[in-house]
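Here is an informal walk through a structure, going from whole chains down to single residues. Have the sequence and the 3D view open as you read.

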Amino acid sequence: METLLENAVRGIPTGCVFALLAVGLVLTYKTSGVFNLAFGAQAYASAAVFYVVRKDHEWPLLWAALLAVVVVGPAIGLLLERVLFRYLRTAGSMAKLVTSLGLLIAIPEVVKLVLGDESRKNPPPLWYVMRTDEWLWPRNTSIVLDAGQIATIAATVTVVVALVLLFRFSSLGLRMRAVVESPRMAELNGVDSERVSMTSWMLSSLLAGLAGVLLAPLFASLNPLDLFTLLVAALAATVFGGLTSIPLTFAGGLLLGVLQAVLAGSLPTDSILATGLRPALPFLVLFLLLLFRPGLRSTREVTDPLATVEAPPPAPVALVRPHWMTVGTRAFGAVVVALGLAACWFLLDGYWLGLVISGIILGIIMMSLIVVVGMGGMLSLCQAALAAIGAFGTAQLVAATGMSVLGAIVIGAVIAAGVGALLAVPVVRLDGVYLALATLAFALMFESIFVPLSWVSGGAVPLSVPRPLIGPIDLADDRWFLLFAVLCAAAVSAVVIRLREGTTGRFLQALQTSDVAAASIGISGRRSRVVAFTVAAAIAGFGGGLMATYVGQANYQSSFPYLIGLVWVALLVSAGARSVQAAVLSGLFFFLFPAILTRLFTFPGNWVESNPDAPSWVASALGAIQPNWAQSVAFILFGIGAITYAKHPEGSIEAQTATSVGAIVRWVERRRGDAGTGPSDPVPPPSPEVTDAPPLAGTGRPTADSGSPG
Amino acid sequence: MSGPLLEAEAVSKRFSGIVALSDVSLHVADGEFVAVIGPNGAGKSTLFNCLSGVLRPDRGTVTFRGRSLERLRPSARARLGIARTFQRIELFGGMTVLDHLLVADRARTRRGGLWSDLFRGSRPTSEELERCGIVLELVGLTEWADRPAESLSLGKGRLVELARALMCDPALLFLDEPSSGLDRHETAEMSATLETVSRQHGTAIVLIEHDVPMVRRLAERTYVLDYGQLIADGPTEDVLGDERVRVAYLGDNS
Amino acid sequence: MTAPVLALDHVDAAYGPFRALFDVSFEVRPGSAVALVGPNGSGKSTVARAASGLLAPTAGAVLVDGKDLTGEPAHTFARAGIAHAPEGRAVFATLTVAENLQLAFRGAASGPGVRAGLDEAFELFPRLGERRNQVAGTLSGGEQRMLTLARVLVLRPRLLIADELSLGLAPIVTADVYRVLGQVRDAGTALLVVEQHLDHALSLADRVVVLRQGEVAYDGTPAGLGDQSSTVLLPTGVPGRVDEAGDLLGGGS
C-alpha cells in the first residue's frame, strides 16, 4: 500500500507535465478553434531559443526564460495569427487541423535552420538541482522532486487557476469564445475581433513557450519529435476534458501521470507488458477515451451563422468539365505517363530511378488517402501504419511459407484491410478532429506495442523480401520494377476513380456535406464509411507490400514511421485530396524534391573548392550553404504546402486543373462560336440568379440559413 | 377511409431536465395531410426528430404500418418509406440537382455498391433518369437539373430537398417549415407543389409551418403543441378557431 | 436639418465574382422607420450588411450620422450606435442565453447596462428567461430568433437593422415584436426593417425602399407604392404569375 501511494505521488510531476500541455491545447482550441498539433513545435521553438541564449550566450536564467516565454512565445503566436490563422477563422476544423499539421512539420525545421540543430546537445538543467529529499521529506522515502519539477507543478497550478478565472469571470474570456464561433457576429456586438484573436494566439503561444522551457530538461536531448510524442500522450487529458473544460483537463493530466507511475511500479519490468505497454499507455488511454467517453459522438461542428458573407466556393472541376474534356485529359495523361516512363527507362541512372520508383509506390499509398480523406472526409493519420502492416504481412508470408511475392503482397493488402475494418468499426462514429486523434493514437500504439514484436516485424533485424520473377521478366532489374510499379499505380488509380465517380463516391460525398440529409434518404453513414476505410487500408497495405519488395526489406523505421505518415497527409491534402494525379505527383515530389535540393546545395561548396581565387566574402557566403539543409528546406516547403490548404481547400493541383479546364473550355467555345456549328453550350450559362444576386443565406451553403435544429 | 399509417402514442422527451415533449400522440392515415403548429420552442421539431429517428424518445411508442420503429436509425426508417426535409436547408455539396435525385434513387433501390462500381460501371440507367425526370417535372426543376444545387436560390433549394425526399417514394413525408425564408412567390410555388404531391401521389404529409394561410389551404387536420403538450387537434378550421390556440399561438390579429 | 443616421451613397457590393448591389442610395432619418422589401435574391440582406459594416462596398460610401465609415470594421459601426440583427439563427451556439446577451450589452454604446438589460430581455421574451442558462445552440429555431432580436431591441441603438424580422416566429410573437419595435422607435431609435410580410412592414414604416435585382426600384412613402406592390415584389421573368401569388397570400398574413 505504502509503495502504491509513493508511486502515485511520484506520478504527480509527470501528470503536471501532461496537464500543462493539455491545458495549453484546450486553451488554443477554445480561443482560436484550432486543434493545434503544432503546439509541441511551438514549445520546441521557445525551448531552443532558451538553450541557445543560456548555453551559447550565457544569459542569466531569468532573462533567458523571459525572452523565450514572454517574448518569443507570443511573437510566434502573433506571427501565426497574422500570416495564417486570420484567414482561417471561418474555415472548417479539418482545414485548421491540416494547417497545424503543416506547421508541425515546418516549424522545427525553421528552428533548426535558424539556430542550428540542437538535438545533439544535452540541454542544461533549469537551475542548480535542489532535491526535496534534502529539506522536505525524510531521507528514507523515495519521493524525490527537483527544482524543475517543482517549477512545473507551480506553473501548471498557476496557469490552471488563471485560466479558470479568465473564462469564468472576465469579459475577455467571453469575447474570446464569441470570436472563435463567429468573428463577424462578435463584431456586430461591438467586439474588435482582430484584436481579440491576436490576444488569443499570443496567450496560447505564451503557454506553449512556458511548456517548452519547463519540459525540455525532461529529455536527454532537445528534440521536436519527443515533444510531439509527449503532446500526443497529453491528448488523453485533453479528450478527458472534452476539449472545453480546463479543470477536467487538469485532472485528466494528473490522473494520467499517476496511472502511468503506478503501473510502472507494479508491472514486472522484464515482461512484454512492461516494455511495450508502458510507453503506449497514454495512447491506449487516448484511444479508449475517444471510443467510450460519452458526449464526443454527438458534437456537431458549430458553424459561423454569417459564413455566407464570404464569396461562395468555386464549383468543383467535375461539375464544370464537359465530358469531352474528361476523355481528353485522360488521354493526355496517358501520353505524359508513357513519355515519362520512356525518359526514365533510357535516361536515369540507378539513384534517380530508385527515387522515381519509390515516389510512384508512395503515390499508391497516397491513393489510399484519396479514398479515406478526399472521398470519405475522414482525416486518417494512420495510413503509414496500415502500409507497414501490408509490408510486414508480405515479408512474414514470404519468409514463413516461401510463397510467391506477388501473392504475398495481395494477401498483405487483405490483412491490412482486415485491420482497417476492425479499426474502422468503432472509429467512424467519431467526428472530424476526434477521428484524426483516434487514428493517430492507433498509429502510435502500433509503433510502440506491435512493431517491436518479432511475429510482426521480425524483431530487431528487418525481414527481407526478394524481388519477384514474372515469367521471363526479373523484377530485380529496377527498370522492369519501374514498369511494374507504374502498372500497379494505373490499376489502383482506375479503382479509385471508378469508386469516386460511382455510387460509393456519391454516397460518401453526400455524407460528407450533410450527414442528416444522407440518413434521411436511407444512406447508412456507418456502413459507407467502414467500406471506405477498409478499401483505403487495402490500398495502403498493397502500397506497403510493394515498398517492402522494392526496398528489399520491411523496414519500419526507414519507410513507415508515423511522423512521415503525417507529412504524407499534409502533402497530399495540399496537392488535392480527391485527385489521382495529385497523389502520384506528391509521391514523386516527396522523394525527388529533397534529392534535387541536395544537389542544388552542393553546387556552391564545390564551386568554392574549385575556385580558390574567389573573393573571400563570396567564398564564405557560398561555403555556408550546407547540403544537409535540403531535408529541412524540403520539409518546410511541404509544411507550407499544407498551409496553403486554407486558401485552396480543394488542393493546389485541383485548383490549377480548374483554372486550366476553365480556360480551355472558354477557348474551345470561342472557336466553336466563330464557326457557329458547336452543339449547345456544355457549361450551363450562369443565370441571372447567380450573377446579379449573391447566393445569400441558404442558397450558398447548407449550413447558414434560417430555421432551427430539433 | 384508409388505415393508419403512422401512430405515435404518448411520446415524451426531456433534455437535461427540460421537458420538450410530454405524452404527445399523433396519428396519420394513408394519404392524409396533417399540420403541426405551435409557438416557438413548443417541441415541434423535437417531435419530428423523434418520429424520423434522429432522436430517441424517452417514453412512448412509434409504429409505422403497425411495425414498431423503436430501434431503427433514420436511414432504416427512410428505407421503410419515411422521408423528410429540413428547417435549415440541407443540400449535398458539389452535386447538381439531378445528382441529388440520383443519389436518393440509388439509396432506395440499393443499386450500386463497391462491386458494381468496380465491375459494372455506375452511369445512370434510362429507367433511373426517367424516374428522376418525373419528379423534376413535378416540382418544376426540369430546366435546373444540371445546375450545381448550391448555386440555386433558397426557394429552389427547398424544392430540391422536396424532390430528393420524393425520390425515396415515401408513403409519409415530414416537412419542417418548407416556406421559411421564402418570398411570397416562392411560397405560392411550394404550396402548389405540395398540393400536387398530396393529391396525385397519395403521399401522406406532416407539415410544420408558421404560415397560417398555407396551413389553412393545405392541411386537413392540425395538431397544436404548446410547452411540449398537445393542446388541440382536429380539423384545421376548428383548431384555428379554438380559443386556446388563439391565446397561445395566433394572437389577436389573425 | 440634422444628418441622416444612415446614408448609403451610390453603393455597389459583391460577393467575390457575384455582384449583388448596383448603385444603391437611400437614407434613414433619425427616428424614422424604413422598410426594405423585395423578392428573395434582390439584395436586401446585402444592403443590411453594407449598412452595418459586415460587408465593405466595392464602390460608394456608407455614412453614419454624417460620418464616412466606408470600409471600417463592423465593430466601429456597432460602437457608432448601429445594431444589426442578421437573418437566421444569429446567436453564439456555444454560449448560454445569458452569456449571449451579456456580450451584447457589455460592449454596447447604448442600452440599459448588463443587469437591467437581461431583465428587460427576459420580460420581453419570457421563453428566454426560462432558458437563460441553456446553451443557445440547443434552443429551437424560433427561440434563437427571439434571442437575436432581444439583443437589438433592448439596446435602443441609434439605428436598429432587423433582417427577416418575423422569419420562423409564431404569429403571436411576431405581433409582440412589432409592438415593441413601435415603442423602440417612439423612444428615438431609427429602424431599418427587412421583411417578407409586406402588411407588417408597411404598418410600421414611414418609408419603403423596394429592391429589385440589386437596384433600388422604389423609394418613397408606403402610400405611394399603392397598387404596384404585388408587381414590384415579384421576381423578374415571371410576370404571368402575379395573380396566383396575389390570390394566395393577399388575404392571410
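What follows looks at two of the chains as wholes, then at a few buried residues, then at patches on the surface.

Keep in mind that this is a predicted model.

**Chains A and C overall**

Let's start with secondary structure. Chain A comes to 29 helices and two strands. Chain C, for its part, has 11 helices and 10 strands. The table puts some whole-chain values side by side.

| Chain | Residues | Buried residues | Accessible surface | Carbon and sulfur part of that surface |
|---|---|---|---|---|
| Chain A | 710 residues | 55% | about 28600 Å² | 67% |
| Chain C | 253 residues | 57% | about 8900 Å² | 50% |

How do the contacts spread along the sequence? Take contacts between residues at least 6 apart in sequence: in chain A, 78% of them join residues at least 24 apart. For chain C, the share of such contacts that join residues at least 24 apart is 65%.

**Two buried spots in chain A**

Now zoom in on helix H3 of chain A, which covers residues 61-83 and holds A:Ala68. Is A:Ala68 buried or exposed? With a relative accessible area of 0%, A:Ala68 falls under the 20% cut-off, so A:Ala68 counts as buried. Setting aside residues up to four places away in sequence, A:Ala68 touches A:Ser46, A:Phe50, A:Gly73 and A:Val213. There's also a long step in sequence to look at here: A:Ala68 and A:Gly212 are 144 residues apart along the chain, yet their C-alpha atoms are 8.9 Å apart in space.

The other buried spot is A:Ser200, in helix H8 of chain A (residues 193-215). A:Ser200 has a relative accessible area of 1%, so this serine counts as buried too. Which residues does A:Ser200 contact, leaving aside its neighbours within four places in sequence? They are A:Thr31 and A:Met176.

**A nonpolar patch**

Back to helix H3, this time for A:Leu66, which also has its place there. A:Leu66 has a relative accessible area of 34%, so A:Leu66 is partly exposed. That leucine belongs to a nonpolar surface patch, together with A:Trp59, A:Leu62, A:Trp63, A:Val70 and A:Val71. Together, the patch residues have about 590 Å² of accessible area. So helix H3 holds both the buried A:Ala68 and the partly exposed A:Leu66.

**Charged patches**

Which residues make up the positive surface patch? Two chains supply them: A:Arg526 and A:Arg527 from chain A, with B:Arg73, B:Arg79 and B:Arg110 from chain B. One of these, A:Arg527, is found in helix H22 of chain A, residues 525-551. Its relative accessible area is 63%, and because that is over the 50% cut-off, A:Arg527 counts as exposed.

Over on chain C, the charge is of the negative kind. C:Asp9, C:Asp23, C:Asp68, C:Glu72 and C:Glu215 gather there in a surface patch. Where does C:Glu215 lie? Look in strand E10 of chain C, residues 215-220. C:Glu215 counts as partly exposed, because its relative accessibility is 44%.

Conventions
Residues numbered from 1 in each chain as written. Chains lettered and ligands numbered in written order. Predicted model: local features only at pLDDT ≥ 70, side-chain atom pairs only at ≥ 80, totals over all residues. Heavy atoms only, no water. Helix = DSSP H or I, 4+ residues; strand = E, 2+ residues; numbered from the N terminus. Buried < 20%, exposed > 50% of the residue type's maximum accessible area, 1.4 Å probe, protein only. Contact = heavy atoms within 4.5 Å. Areas by Shrake-Rupley, 256 points an atom, 1.4 Å probe, with all protein chains shown as cover. Patch = residues over 30% accessible without salt bridge, like charges linked within 9 Å, V, L, I, M, F, W, Y side chains within 5 Å. Salt bridge = Lys/Arg side-chain N within 4 Å of Asp/Glu carboxyl O. Lys, Arg positive; Asp, Glu negative; His and termini not counted. Charge placed at Lys NZ, Arg CZ, Asp CG, Glu CD.
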